[in-house]
Each structure stands twice: as structure tokens, then as C-alpha cells.
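Here is a short report on one protein chain. It starts from a single lysine and works outward to the fold, the charges and the surface.

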Amino acid sequence: MMGGGNMQQLARQAQKLQQQMTKMQEDLEAREYEASAGGGMVNVKVSGKKELLSIEIKPEAVDPDDVEMLQDLVLAAVNEALRTANDTMEREMSKLTGGMNVPGLF
């Protein structure tokens, strides 16, 4: 019966793909992504798990008369680092899935 063999082979391929995707996701989550704003005045680092790891603020970025600017720089740097992490994860995973959208992957 050919159908049974093909189904088993398909199931093995699906299991292998799932294992590769799980390993890649773990690897991507272990990576760190950095971004800066204000010409390097604010530098941030996030993990692939989208957790903020560090924020570095140069002293000259701290102006008591313009706290809003510093807040904007921090937001911009954090959002850029998170965007970079997300884009990298999507790009790497699409290599495995051949561009297919796999619901619930992230």
C-alpha cells in the first residue's frame, strides 16, 4: 500500500521540520539585538525573547530641561532593537518554512 508509506514519510519530514524550527527558535531567542538613537546617545540591547537587557545613556543626553527628548530617544532605540529582533526571526524562520506562514510560531 503506497499511501501508508507516503504518509509515514510525510509525518517524518514534518517532525524533522518541527525539530529544526524549535532549535532555530531557541537559537534566535538566545541572540542579542542592539540599536541606538540620537547618534549613539542612547544604546539598547534586547534578547530574542524580546526582553530589554540593557540601556546605556551618555551623560550628555541627560538634559534636565528636556527630559522628553531623552524619553523619545529611549523609545526609539528600544523599538528599533525589537523590530530588528522580530525581522531577523521572521527572516530566519521563513528559510525553514519556505515562506509559509506557520500560525503560532511566535
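## Lysine 45 and its partner

Lysine 45 is partly exposed, because its relative accessibility of 24% falls between the limits of 20% for buried and 50% for exposed. The model is a predicted one. The side chain of lysine 45 meets that of glutamate 32 in a salt bridge, at 3.6 Å from N to O. Lysine 45 sits in strand 2 (residues 42-47) and glutamate 32 in strand 1 (residues 32-37), so this pair ties together parts 13 residues apart in sequence. Glutamate 32 is exposed, with a relative accessible area of 51%.

## Overall fold

The chain has two helices and three strands. Read from the N terminus, the order of elements is α-β-β-β-α. Helix 1 covers residues 2-30. Strand 1 takes in residues 32-37, and strand 2 residues 42-47. Strand 3 spans 52-57. Helix 2 runs over residues 67-97.

The chain has 106 residues, and 24% of them count as buried. Its accessible surface is about 7,400 Å². Carbon and sulfur atoms account for 52% of that surface. Consider the contacts between residues at least 6 apart in sequence: 48% of them join residues at least 24 apart.

## Salt bridges within the helices

How many salt bridges does a search of the whole structure find? The search finds four. Side chains of opposite charge can pair when their charged atoms come close. The bridge between lysine 45 and glutamate 32 has been described above. Two others link residues of a single helix, as set out here.

In helix 1, lysine 23 and aspartate 27 are four residues apart, about one turn of the helix. Their side chains form a salt bridge of 3.1 Å, N to O. Aspartate 27 is partly exposed, at a relative accessible area of 39%. In helix 2, lysine 95 and glutamate 92 are three residues apart, so about one helical turn separates them. Their salt bridge is 3.3 Å, N to O.

## Glutamate 92: a buried acid

Is glutamate 92 buried or exposed? Glutamate 92 counts as buried because its relative accessible area is 16%, and the cut-off for buried is under 20%. Its salt-bridge partner, lysine 95, is exposed, with a relative accessible area of 58%. The pair therefore joins a buried acid to an exposed base.

Glutamate 92 lies in helix 2. Which residues does glutamate 92 contact, leaving aside neighbours within four places in sequence? They are Met24 and Leu28.

## Glutamate 29 and the lysine 50 loop

Glutamate 29 belongs to helix 1. Its relative accessible area is 25%, so glutamate 29 is partly exposed. Residues up to four places away in sequence are not counted here: beyond them, glutamate 29 touches Ser47, Gly48, Lys49 and Met89. Lysine 49 is 20 residues from glutamate 29 in sequence. In space, the two are 5.0 Å apart, C-alpha to C-alpha.

Lysine 50 is in the loop between strand 2 and strand 3. Most residues other than glycine have a negative phi. Lysine 50 is not a glycine, yet its phi is positive, at about 65°. Lysine 50 is partly exposed, with 38% relative accessibility.

## Surface patches

Two patches deserve a look. One is a surface patch of negative charge, where Asp63, Asp65, Asp66, Glu68 and Asp72 gather. Glutamate 68 is part of helix 2. Where does its accessibility place it? Glutamate 68 is exposed because its relative accessible area is 58%, above the limit of 50%.

The other patch is nonpolar. Leu52, Ile55, Ile57 and Val62 form this patch on the surface, and together they have about 320 Å² of accessible area. Isoleucine 55 lies in strand 3. At 39% relative accessibility, isoleucine 55 is partly exposed.

Conventions: Residues numbered from 1 in each chain as written. Predicted model: local features only at pLDDT ≥ 70, side-chain atom pairs only at ≥ 80, totals over all residues. Heavy atoms only, no water. Patch = residues over 30% accessible without salt bridge, like charges linked within 9 Å, V, L, I, M, F, W, Y side chains within 5 Å. Areas by Shrake-Rupley, 256 points an atom, 1.4 Å probe, with all protein chains shown as cover. Lys, Arg positive; Asp, Glu negative; His and termini not counted. Charge placed at Lys NZ, Arg CZ, Asp CG, Glu CD. Buried < 20%, exposed > 50% of the residue type's maximum accessible area, 1.4 Å probe, protein only. Contact = heavy atoms within 4.5 Å.
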